[in-house]
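Thanks for coming. I have one structure to go through today, so let me put it on the screen.

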Number of protein chains: 2
Amino acid sequence: MDPDRVIIFDTTLRDGEQSPGISLNTTEKLEIANQLARLGVDVIEAGFPIASPGDFEAVQAIAREVQGPVIAGLARAQAPDIERAAEAVRDAERPRIHTFISTSDIHIEHQLQSTREDVKGAARAAVAHAKSFVDDVEFSPMDATRADAEFTAEVLQIAIDEGATTINIPDTVGYATPDEYAGFLRRLYELVPELHGVVLSVHCHDDLGLAVANSLAGVRAGARQVECAINGIGERAGNASLEEIVMLLETRADHLGFSTGIVTREIARTSRMVSRLTGYVVQPNKAIVGRNAFAHESGIHQDGVLKERTTFEIMDATTIGLEGNDLVLGKHSGRHALRSALEELGFRIDGQALNTAFKRFKEIADRKKTVTAMDLEALVTDELRDELRSYTLEWFDVDVSNRRPPHARVAVRTPDDEQVVGDFTGDGPVDAIFRAINAATRREARLREFRIDAVTGGQDALGEASVVLELAGQSASGQGVSTDIIEAAAQAYVRALSNAERKVQAAAEPEAATAEVELTPTP
Amino acid sequence: MDPDRVIIFDTTLRDGEQSPGISLNTTEKLEIANQLARLGVDVIEAGFPIASPGDFEAVQAIAREVQGPVIAGLARAQAPDIERAAEAVRDAERPRIHTFISTSDIHIEHQLQSTREDVKGAARAAVAHAKSFVDDVEFSPMDATRADAEFTAEVLQIAIDEGATTINIPDTVGYATPDEYAGFLRRLYELVPELHGVVLSVHCHDDLGLAVANSLAGVRAGARQVECAINGIGERAGNASLEEIVMLLETRADHLGFSTGIVTREIARTSRMVSRLTGYVVQPNKAIVGRNAFAHESGIHQDGVLKERTTFEIMDATTIGLEGNDLVLGKHSGRHALRSALEELGFRIDGQALNTAFKRFKEIADRKKTVTAMDLEALVTDELRDELRSYTLEWFDVDVSNRRPPHARVAVRTPDDEQVVGDFTGDGPVDAIFRAINAATRREARLREFRIDAVTGGQDALGEASVVLELAGQSASGQGVSTDIIEAAAQAYVRALSNAERKVQAAAEPEAATAEVELTPTP
């Protein structure tokens with residue numbers, strides 16, 4: 001491979017999915033993984049298989065169905081973790097096991113309650129065990145940037161001796177500055193010359209706003225894999241944004257000299273899909289994928305832009321797939337046109353799924369003058385949420401006024417196919433309908449977060465609602481899409497309730513090991 | 001001053017306010033400026049006085065009322081701009097004029113349609129003219145990072161000779177990498193030794209995700225002023241985030257050795273205020289001020305955090321004012337308690353304003369069990385929007401169901417104190433009420449964007465709606481707060497309509513100069 005080609009390792013489905021309130025089901029994870037493959041990422045970290053049966057199932061499904069990228073599963077440096085990861089990724093074209101253990105004293109003492117000697121032993125055993133299942137083994141010394149370089153080097157030497165092919169240096173708590181991070185990598189190269197024979201990787205968190213700069217500093221110090229996530233999601237302030245590091249390397253190839261295999265025109269769509277399925281909004285001023293990143297309508301810079309694009313634009317919006325997306329359907333468009341349009345968007349839909357999508361499309365087309373590519377994306381991702389849905393919204397009536405308290409009546413179909421009806425007078429129409437759903441389903445769910453966004457612009461935009469609620473100690477999210485925000489909100493609430501109920505049931509099952517793993521820190 | 005003390009120059013109200021869809025009135029700008037003073041910023045760039053009469057008025061009001069920081073006004077390198085800026089900042093304790101002109105050939109040729117010689121002449125005249133009004137003059141060579149270093153140095157030499165006391169080097173298009181930016185500054189120090197006698201400043205945009213890293217690189221190369229904005233708002237992907245650069249310098253003072261005068265425990269509140277008044281959401285994974293930046297409820301890192309805070313936390317949430325904010329009022333709290341609570345939050349409210357706030361507080365307290373500090377902030381900032389409001393919402397009734405089209409009736413009081421009534425059957429309840437408002441006011445406004453957020457958590461959260469609409473070619477935003485999202489949406493729409501109408505009227509006035517200036521690029 002070209003020595004200046006940088007491997008893009010996407011951890012949206014692992015580190016990103018660990019963000020509070022995100023709960024993707026297997027169908028949603030598969031859809032994201034397929035889109036990541038279209039985007040051209042080199043490695044998909046699909047999950048942490050031992051963390052839960054759902055995680056295992058999703059990693060296995062992605063390993064079996066997604067073609068192109070390496071599929072990685074995360075595992076602590078413990079035999080049961082590695083065996084579970086190996087089983088999950090076994091059917092991938094190119095499987096990888098990514099195993100990790102902390103090398104910082106603060107983690108060894110307080111979090112692992114172990115010793116340096118034991119860490120070395122665990123790393124050795126873990127890499128050797130992983131290597132017995134797959135050739136492609138990645139090892140991460142967690143919290144490396146706060147660890148002793150000499151001790152970390154000893155552990156890396158062991159991992160390489162046991163056959164690790166990628167060594168990843170996580171800045172787990174987002175603490176390093178670019179010079180420190182690059183200096184740390186250079187020191188490791190000195191201490192472990194065998195590092196030149198494997199792929200060095202960077203994994204940076206954005207707690208101080210430096211994730212992209214630290215990743216870049218790492219690449220310039222010799223790393224050739226960058227771990228990153230779409231929209232920069234992940235623990236706390238998240239990981240380095242995939243779109244930022246990729247567009248930085250592309251836009252400044254003149255100065256930096258690196259390349260990636262990313263199909264940049266898929267960036268905008270991938271960002272929208274991840275935002276929609278996770279319910280994590282992208283702020284308007286987010287680099288590359290924020291609504292304003294390419295906005296010159298403001299008038300302020302328009303003058304210069306009109307005279308010569310490059311006066312104020314260093315990137316072209318078409319590069320990331322933001323423009324040229326002028327596919328439009330109307331209420332008279334047929335099933336064939338819908339199917340072609342969906343294929344153009346990368347969705348392969350047939351049979352009953354196509355019938356369902358067409359029915360939804362017609363409902364929306366009746367209310368909207370034109371249905372755009374972005375509307376279709378929202379509808380299709382909305383459909384993805386239905387597979388596991390246990391409650392469904394049948395009908396509702398809400399009376400809203402500022403002259404009397406709002407009142408909602410709602411009918412919900414339960415997983416047992418029973419129609420239940422409830423009503424409530426609330427503080428607002430959304431409060432009223434949420435509590436009416438609680439009343440109908442006899443659940444004591446509590447709303448934690450609620451958000452509504454317009455999917456597309458204009459008076460007849462689709463509204464997308466996101467709900468995070470808590471039921472019996474489990475929190476879960478749900479989304480809904482409609483031209484009616486009350487309907488979108490009710491859909492989102494019913495789906496969140498369904499997700500929460502599955503979590504409550506899973507937690508009630510006697511799987512103590514799972515509960516323990518969910519509390520495990522990761523890089 | 002301590003040679004390692006970094007001056008924090010906040011441009012939230014200038015570069016930030018230029019973001020599409022933000023339209024703050026003078027009261028709102030004053031409130032933000034007062035909060036910036038509490039936050040301890042050294043310089044407030046309050047606006048671009050020649051851009052519009054509204055900009056001028058706001059800069060003047062801030063110069064007159066806000067104590068503590070230097071108050072700066074922006075001006076192109078032209079006499080009328082400088083005179084207008086001088087007039088606006090005249091009454092400040094410590095006024096500054098910030099004048100700029102591009103030094104990159106691409107800007108000189110395509111945007112200014114001028115020559116290098118003319119740029120030198122303009123810079124000389126502008127700094128000299130500014131200096132005749134104030135001692136404190138800042139000069140920026142716009143697009144410097146894409147300009148010839150030698151030519152930029154010539155222009156800087158001229159600016160310093162004429163008395164500029166701060167020289168700011170903007171990375172206007174967010175193109176530089178940290179090494180390039182630091183290298184450019186070092187080269188300028190070589191070419192212009194007199195730079196050591198003035199304050200060197202950095203102004204970095206985040207187009208490639210490097211604004212904070214570039215700012216840090218600049219400080220390490222000798223700059224002692226950082227231009228930044230709350231929540232990183234600003235043109236396109238925005239400016240360096242104030243909160244990120246400040247917390248980076250604070251948290252890593254061990255390694256970096258710099259300090260600022262920022263009162264960090266005011267950061268969270270300032271971020272919320274700016275987000276609420278601008279309608280610009282902060283994404284959950286935003287560093288420092290995102291909802292998840294300190295989130296450990298995820299369970300994943302909780303284990304380590306419980307054992308020892310520093311295992312996964314490099315900053316304490318109380319440092320930025322996120323916790324310890326346990327002020328709570330209830331429906332039985334009186335006027336005195338409200339006033340004390342507001343004072344604790346930094347709002348000085350008396351007389352009629354206190355009566356109005358108390359009435360709003362009681363309305364909310366009737367619907368919510370407890371009113372928290374964050375609810376109060378939202379209410380008070382909501383009140384700020386009323387002063388200039390020209391339409392007011394009187395009452396509304398909406399019938400919402402998925403079994404028939406939603407229907408809205410609404411009554412609005414016009415600026416002429418007339419009650420007008422309208423109704424509409426729409427695609428959704430929000431669409432219906434918005435169009436009913438159009439029908440009542442006989443305005444053909446078109447919705448461009450719409451968003452609803454929960455201000456605080458829990459079932460009885462306040463909802464905050466943001467609307468951007470377009471009326472006769474002018475776009476404007478409005479916000480509304482209520483426990484009822486339909487009411488919040490209608491309030492936001494009515495306020496956006498009022499703002500748009502004022503813009504339409506202003507545009508109709510024969511002020512060609514204003515219209516031209518609004519299209520002017522800035523650093």
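The two copies meet through the same surface, because 100% of the interface residues of chain A are also interface residues in chain B. Keep in mind that this is a predicted model. On the symmetry, chain A can be placed on chain B by a turn of 180° with a shift of 0.0 Å along the axis, and the RMSD is then 0.1 Å. That is the relation of a two-fold axis.

One residue that shows the contact between chains is Arg252(A). It sits in the loop between helix H10 (242-251) and helix H11 (253-256) of chain A. Buried or exposed, at 2% relative accessibility? Arg252(A) counts as buried. Leaving aside neighbours within four places in sequence, Arg252(A) contacts Met247(A) and Gly257(A) in its own chain. Across the interface, Arg252(A) is in contact with Tyr175(B), Ala176(B), Thr177(B), Glu180(B) and Leu208(B).

Now chain A as a whole. The count is 19 helices and 16 strands. Chain A has 523 residues, and 66% of them count as buried. If we take contacts in chain A between residues at least 6 apart in sequence, 67% of those join residues at least 24 apart.

Next, a helix pair in chain A. Helix H3, residues 53-65, packs against helix H4, residues 79-89, at an angle of about 40°, and the axes are 7 Å apart. That angle makes H3(A) oblique to H4(A). On the H3(A) side, the residues in the contact are Pro53(A), Phe56(A), Val59(A), Gln60(A) and Ala63(A). They meet Arg84(A), Glu87(A), Ala88(A) and Val89(A) from H4(A). Sorted by class, the contact between H3(A) and H4(A) has six nonpolar residues, one polar and two charged.

Over to chain B, and a helix with a lot of cover. Which residues of H9(B) are buried? They are Leu242(B), Glu243(B), Glu244(B), Ile245(B), Val246(B), Met247(B), Leu248(B), Leu249(B) and Thr251(B). That is nine of the ten residues of helix H9, residues 242-251 of chain B, so the helix is largely enclosed by the rest of the structure. The cover over the buried residues of H9(B) includes strands S1 (7-10) and S8 (225-228) of chain B. It also includes helices H1 (26-39), H8 (211-220), H10 (253-256) and H11 (267-278) of chain B.

Staying in chain B, look at Ala144(B). This residue lies in the loop between strand S5 (136-142) and helix H6 (149-161) of chain B. Ala144(B) has 0% relative accessibility, so it counts as buried. Not counting residues up to four places away in sequence, Ala144(B) touches Thr103(B), Thr152(B), Ile169(B), Pro170(B) and Phe184(B). Ala144(B) and Thr172(B) are 28 residues apart in sequence, and their C-alpha atoms are 7.5 Å apart in space.

Last item, the cysteines. How many disulfides are there over all chains? With sulfur atoms required to be within 2.5 Å, the count is zero. Take Cys204(A): the closest cysteine sulfur belongs to Cys228(A), 10 Å away, which is too far for a bond. Cys228(A) is likewise in no disulfide, with the sulfur of Cys204(A) as its nearest cysteine sulfur. Cys204(A) counts as buried because its relative accessibility is 0%, and Cys228(A) counts as buried at 0% as well.

That is what I have.

Technical notes: Residues are numbered from 1 along each chain as its sequence is written. Chains are lettered from A and ligands numbered from 1 in the order in which they are written. This is a predicted model: local features need pLDDT of at least 70, side-chain atom pairs count only at pLDDT 80 or more; totals for chains, interfaces and linings use all residues. Side-chain values use heavy atoms; hydrogens and water are left out. Copies are superposed by least squares on the C-alpha atoms of residues with pLDDT of at least 70 in both. Contact means heavy atoms within 4.5 Å. Axes are lines fitted to C-alpha atoms, for helices over the stretch in contact, and angles run from 0 to 180 degrees between N-to-C directions. Helices (H or I, at least four residues) and strands (E, at least two) are DSSP runs, numbered from the N terminus. Angles under 35 degrees count as roughly parallel, over 145 as roughly antiparallel, 65 to 115 as roughly perpendicular and the rest as oblique. Ala, Val, Leu, Ile, Met, Phe, Trp, Tyr, Cys and Pro count as nonpolar, Asp, Glu, Lys and Arg as charged, and the others, Gly among them, as polar. Buried means under 20% relative accessible area, exposed over 50%, partly exposed in between (1.4 Å probe, protein chains only).
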